[in-house]
Amino acid sequence: MLLEYLAIAVLIVLATVVALIAIGLGGLFGPKKKTVNKSMPYESGMMPIGPGTRRMPVRYYLIGVLFILFDIEVVFFLPWAIVFRQLGWFGLIEMVVFVAILLVGYVYAWKKGALEWE
Amino acid sequence: MDWTLWLELVIKALVLIFALLGGFAYLTWYERRLLARFQSRLGPNRAGPFGLLQPIADAVKLIFKEELTPAKAYKLVFFLAPIMTLVPSVIIAAVIPWGPPFQLGDRIVTQSIADINVGVLFLMSIASIAVYGIVLAGWSSNNKYAMLGGLRSAAQMISYELTLGLAFVVAILLGNSMNLTDIVEAQRDGRWFVLVQPVGALILWIATLAEVNRHPFDMPEAEQELTAGYHTEYSGMKFALFFMAEYQKMIVVSAILATLFFGGYLGPWVDRWPLLGPVYMFLKIVILLFIMIWVRATWPRIRYDRLMAFGWKVLLPLALAVVMITAVGILLAEINPWMIWLIPIFSLIAGAFASLMIDRSLRRKAYA
């Protein structure tokens, strides 16, 4: 079993090496003539105003939090799906109860407008 | 641990990497030619026969391009982000079985890098890691367009990941295993899961389109709004790595869809000649990629608020319903095997209901 993960490790190392070689080739053969204007942030020819990284809308955090909630649900589904045939109807009803509790939260988030993007 | 084992690991890894690289190069050619055909043009046809040498010409051109790093960029992250985007797009393919094992000399060679028992979980985890490269690229560029592109892609990818995970659960339920080889073997004799659960396959396909930021979900790089999104500041080979990662992800998600729902490497005579497995995978991937490019040529990009609403309000409940329908159907099929066909019937009803609700909600919002 460990051998399989070793294979993945070998793949990760080789993929990183290939990526580094690709970047290295570009650095080796590409011209390097830096000017002030070239190293400015690209804004379609306008002079940039203010910093590039600024505060972001709170919507994105909200989506992040909701994602964590529902991703735990999905993760809980995975072991259930594996032993589902052994558990039979009992497991199904348990899962229906779990999903029902989660759906309450989902409907609440929907009604509160957490899923709106205005 | 003898040296032949190491040799096998390295050879298999290199074959996969270079197959994906070549696949990427010719996928760009395939896409440009097809898009040209859709738009009554010829497309690249000058370099070599049918323009087949065009990808090589593009690669040579990109190598000789200047690489710029903006003065205000966070240099280390700016350098690492393309690598962090490319590497997951390669290693996610590690668990996909490309064919049945075959005998070479006195050893049995499996046609996958790693046949691990938590294959589907591996797919999910690597799909999540793929977000990092894009977000970090957007953030480290210190550019407003790039920042917005990175944020958008993060929100979009995590939103559709829930649906993706639930669609994987459907395949696990039907295959009764997380091992991808077992899931493929459960689809033997033409019992492809797409026949049992067509809506599940459709949901998985939509979610993967959003995951790889393809049309009509390519908001992170919406040209008209964000110039190029998260890779606005990248040029030369670093840009090429992002491009490479995007196209390799297209190939890999097509392979995943083929494995989970379209019978994977199975096809006629694949048991007698195991090397036919990769050929069948190739054909299935080419057909799925054709559909992806067809969608790009046909559909307009959807608006960002509708994209999020579609993911959260339509796909997520529909995917939950589909999982539940599948579970009930499997239990009923243990009583009577014919009951398995209740799954597609009820799933299609649920899918039709979801489409109806989309239609109604869009009609209500129309300005009279």
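Here is a walk through chain B of a predicted model, from its overall build to its contact with chain A and then to a few local details.

Let's start with the whole chain. Chain B is built from 13 helices and two strands. Along the principal axes, its C-alpha atoms fill a box of roughly 70 × 70 × 40 Å. If you like a quick sanity check on packing, try the radius of gyration: a compact globule of 368 residues would come in near 21 Å, and chain B has 21 Å, so the two agree. Buried residues make up 52% of the 368 residues. As for who touches whom inside the chain, take the contacts with a separation of 6 or more: 76% of them join residues 24 or more positions apart.

Now for the partner. The contact between the two chains takes 63 residues from chain B and 54 residues from chain A. On the chain B side, the elements giving two or more residues are α1 (3-38), α3 (75-91), α4 (119-140), α5 (144-175), α10 (236-261) and α12 (304-335). Of these, α5(B) provides the largest share, with twelve residues. By character, this side of chain B splits into 44 nonpolar, nine polar and ten charged residues.

Next, pick out helix α8 of chain B, residues 198-211. Does its length come out long, short or as expected for a helix? At 1.5 Å a residue, its 14 residues should span 20 Å, and the end C-alpha atoms are 20 Å apart, so the helix agrees with the rule. The helix is also mostly covered, with eleven of its 14 residues buried. Among them are V199(B), G200(B) and A201(B) toward the start of the list, and A210(B) and E211(B) at its end. Just after α8(B) comes N213(B), with a positive phi of about 55°.

That phi value is worth a pause. Most residues other than glycine have a negative phi. Two more residues in chain B are worth a look on this score. F50(B), not a glycine, has a positive phi of about 55°, and its place is in the loop between α1 and α2 (54-63). N142(B) also has a positive phi of about 55° without being a glycine, and is found in the loop between α4 and α5.

Which of these two loop residues is buried, and which is exposed? F50(B) counts as exposed because it has 12 C-beta neighbours inside 10 Å. N142(B), with 20 C-beta neighbours inside 10 Å, counts as buried.

Methods: Residues numbered from 1 in each chain as written. Chains lettered and ligands numbered in written order. Predicted model: local features only at pLDDT ≥ 70, side-chain atom pairs only at ≥ 80, totals over all residues. Helix = DSSP H or I, 4+ residues; strand = E, 2+ residues; numbered from the N terminus. Expected span 1.5 Å × (residues − 1). Contact = placed C-beta atoms within 7 Å. Nonpolar A, V, L, I, M, F, W, Y, C, P; charged D, E, K, R; others polar. Rg over C-alpha atoms; globule rule 2.2 N^0.38 Å.
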